[in-house]
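Let's take a walk through this structure together, one spot at a time. Have the sequence and the 3D view ready.

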Amino acid sequence: MWTGNNVTRPFRVAGAAALAPAIDKGLKGIQEKLNLPSQMYAFALVVGSVAAVCFTIFGCLILSKWGK
């Protein structure tokens with residue numbers, strides 16, 4: 001596990017660096033479209049939305065197992 005983690009580290013860092021401009025552009029677009037005061041609010045909105053969707057799906061899966 002340690003070896004796999006350290007072997008893939010350069011690829012993960014390079015991927016994060018390559019995606020940073022696209023993520024920044026997307027957050028600026030959300031900020032402008034919704035007239036938010038800073039990019040931090042756009043980031044919080046995106047993270048909150050993704051978390052809400054994940055918790056909803058997870059909750060539906062749990063509830064579907066309890067019903068049987």
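Start at K28, which is partly exposed, with a relative accessible area of 41%. Keep in mind as you look around that this is a predicted model.

So what does K28 do with its side chain? It meets the side chain of D24 in a salt bridge, at 3.6 Å from N to O. Like K28, D24 sits in helix α1, which covers residues 2-34. The two are four residues apart there, so about one helical turn separates them. In general, side chains of opposite charge can pair when their charged atoms come close. D24 is partly exposed too, because its relative accessible area of 31% lies between the 20% and 50% cut-offs. And how many salt bridges turn up in a search of the whole structure? Just one.

Now slide along to Q31, another residue of helix α1. Is Q31 buried or exposed? It counts as buried, because its relative accessibility is 18% and the cut-off for buried is under 20%. If you leave aside the neighbours within four places in sequence, you'll find Q31 in contact with L36, P37, S38, Q39 and A42.

Last stop: helix α2, which runs over residues 39-66 and is home to I62. I62 is partly exposed, with a relative accessible area of 33%. Together with F58, L63 and W66, I62 makes a nonpolar surface patch of about 500 Å². I62 can count towards such a patch because its 33% is over the 30% that patch residues need.

Terms used. Residues numbered from 1 in each chain as written. Predicted model: local features only at pLDDT ≥ 70, side-chain atom pairs only at ≥ 80, totals over all residues. Heavy atoms only, no water. Patch = residues over 30% accessible without salt bridge, like charges linked within 9 Å, V, L, I, M, F, W, Y side chains within 5 Å. Areas by Shrake-Rupley, 256 points an atom, 1.4 Å probe, with all protein chains shown as cover. Salt bridge = Lys/Arg side-chain N within 4 Å of Asp/Glu carboxyl O. Buried < 20%, exposed > 50% of the residue type's maximum accessible area, 1.4 Å probe, protein only. Contact = heavy atoms within 4.5 Å.
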